[in-house]
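Dear colleague,

I am handing over the structure we spoke about, and my notes on it follow directly below. Please read them with the coordinates open beside you.

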Amino acid sequence: MAHESADQPQLVLPLLVVSPVDVGRLIRDVETLDNLLMQYDLKGATHEAKMPKVSLLLDSIIDANKLDLLVPAQRQRLLAFLQSVRTQAPVLHISFGADPAASFIEKLMTWLRREISPQVLLTIGLQPNIGAGCLVRSTNKFYDFSLRQNFTKNRELLMASFQEVAKT
Amino acid sequence: MTIWWLLLLLGFIGATGIAFIWLIVKVGGTAKPAKKATGVDSIQEAADADVEHIFNEDFREELRNRGRLHFEKIIGENAMFLQQDLRLTTSQLNEYMKTEIASKLKEEFKKYEESIMDAKQMAIESIQKTNAAIDEQRALLGQAVQKEIVAEKQQLVQRFEQNMTDIVNHYVISAIGNQIDLNDQLEYILADLEANKAAMIEDITNGA
């Protein structure tokens, strides 16, 4: 982000962090960890104390960015990054006909982070009546990639098929 | 005509009655005893006595009887004539009444028949007009129903064509909706996203 220093590499969001809710949860986890380590510090505990057990999301972002959260500066850096993501990252809302599996979401997030934006977040909705495909809503636009829309686009083709069947 | 005949007949009966009374009075007057002649009228008296002798009480009684019989005969004849006239009058009256009543009845029947015929004609005309109106209404109704059916059919076809994509979509979803795995759709979803990638990036970059 803009306020991060130029010599430090850009932090990346792991694929497990999908939605703004995940980012909020990460911020809460980092703040909790920061408070805990600050308590250790105030109690005079050594900095070589073991890293407490953290959540899967936090673990994934630590691994992805090779962070040492025992260092207060890195914790602050992560916290600042997460807060900037929460406020500035683009959010896409995609609805599917069925609840998507985690592997599906991972593949989708991979493509979105690579092609759209490295910090894009995703909220997932459920629309059983669309059958197949998906509905995508960005900041100002709405895209209908559903099977129904596909049928509507190819309505003339469908009509021609029906008329041929009716003639025979 | 009949009333005059009746009056004439009553007049004749009245005249006959008056004549009969006069005759009785007259006969009674002749039966009075003659005054006795006194002195010089002996011849006359003798003649009267002879006359009295000839026209004695028996002869007079015989004359009275004959007169009575004649009168009775006349009365009987007149009564017979009267009866005949009465019968004739009655028969004429009957005939006249019959004729008059028949003519009146015929006239009334004719009027009644004419009024019946007029009413019948009016009823026939009214029925014909009603039938014509019903036929016309039926034709109009048939045309309207036919038009409505065609419009409804066109509307149904149009509605079907408009909602055909939804119908097919609903059918596809009902038939195989649960069997389409999202992982199988991923390629198509990514292809759609790829096709609209530029617009999405533009929206994310320049959007609010």
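Of the 168 residues of chain A, 24% count as buried, whereas in chain B, with its 208 residues, buried residues make up 4%. Please bear in mind throughout that this is a predicted model, so that every value below is computed from predicted coordinates.

The two chains also part ways in their secondary structure. Chain A comes to 6 helices and 4 strands, and along its sequence these follow the pattern α-α-α-β-α-β-β-β-α-α. Chain B comes to 6 helices and 0 strands, its elements running α-α-α-α-α-α from the N terminus on. Within chain A, if one takes the contacts with a separation of 6 or more, residues 24 or more positions apart account for 71% of them.

I turn next to the helices at the start of chain A, where α1(A) takes part in two packings that I looked at in some detail. The axes of helix α1 (residues 20–42) of chain A and helix α3 (residues 72–88) of chain A come within 10 Å and cross at roughly 155°; since an angle over 145 degrees counts as roughly antiparallel, α1(A) and α3(A) are therefore roughly antiparallel to each other. The crossing in which α1(A) passes α3(A) is left-handed. On the side of α1(A), the contact is made by Pro20(A), Val23(A), Gly24(A), Leu26(A), Ile27(A), Val30(A), Glu31(A), Leu33(A) and Asp34(A), and on the side of α3(A) by Arg75(A), Leu78(A), Leu79(A), Leu82(A), Gln83(A), Val85(A) and Arg86(A). By class, this contact of α1(A) with α3(A) has 10 nonpolar, 2 polar and 4 charged residues.

The other packing is that of α1(A) with α2(A), whose axes lie 9 Å apart at an angle of about 85°, which makes α1(A) roughly perpendicular to α2(A). Here Asp22(A), Arg25(A), Leu26(A), Asp29(A) and Val30(A) of α1(A) meet Leu57(A), Leu58(A) and Ile61(A) of α2(A), and the residues of this contact divide into 5 nonpolar, no polar and 3 charged. Leu26(A) and Val30(A) thus appear in the contact with α2(A) and also in the contact with α3(A).

Between α2 (56–65) and α3 of chain A there is a loop that holds Lys66(A), and you may wish to look at its backbone, since phi of Lys66(A) is near 50°, a positive value in a residue other than glycine. With 8 C-beta neighbours inside 10 Å, Lys66(A) counts as exposed.

As for the strands, chain A has an open sheet of 4 strands in the order β2-β1-β3-β4, with mixed pairing. Its edge strands are β2 and β4 (142–144) of chain A, each of which pairs on one side only, and the twist averages 20° from one strand to the next. Strand β1 (residues 91–96) of chain A pairs with strand β2 (residues 121–126) of chain A in the parallel sense over 6 bridges, and in β2(A) it is Gly125(A) that stands opposite Ser95(A). The side chains along β1(A) alternate, with Leu92(A), Ile94(A) and Phe96(A) pointing to one face and buried, while Val91(A), His93(A) and Ser95(A) point to the other face and are not buried.

Ile130(A), in the loop between β2 and β3 (134–137) of chain A, has 22 C-beta neighbours inside 10 Å and therefore counts as buried. Its C-alpha atom is separated by 7.5 Å from that of Phe96(A), although Ile130(A) and Phe96(A) are 34 residues apart along the chain. Leaving aside residues up to four places away in sequence, Ile130(A) touches Gly97(A), Leu135(A), Ser146(A), Leu147(A) and Arg148(A).

There remains the interface, in which 29 residues of chain A are in contact with 27 residues of chain B. On the side of chain A, α4 (102–115), α5 (147–153) and α6 (155–167) each supply at least two of the residues that touch chain B. The residues on that side of chain A divide into 16 nonpolar, 8 polar and 5 charged.

With best regards

Note on methods. Residues are numbered from 1 along each chain as its sequence is written. Chains are lettered from A and ligands numbered from 1 in the order in which they are written. This is a predicted model: local features need pLDDT of at least 70, side-chain atom pairs count only at pLDDT 80 or more; totals for chains, interfaces and linings use all residues. Axes are lines fitted to C-alpha atoms, for helices over the stretch in contact, and angles run from 0 to 180 degrees between N-to-C directions. Angles under 35 degrees count as roughly parallel, over 145 as roughly antiparallel, 65 to 115 as roughly perpendicular and the rest as oblique. A crossing is left-handed if the near helix is turned anticlockwise from the far one by less than a right angle, and right-handed if clockwise. Two residues are in contact if their C-beta atoms, placed from the backbone, lie within 7 Å. Ala, Val, Leu, Ile, Met, Phe, Trp, Tyr, Cys and Pro count as nonpolar, Asp, Glu, Lys and Arg as charged, and the others, Gly among them, as polar. A residue is buried if 20 or more other C-beta atoms lie within 10 Å of its own, exposed if 12 or fewer, and partly exposed in between; C-beta atoms are placed from the backbone. Two strands pair if DSSP finds at least two bridges between them.
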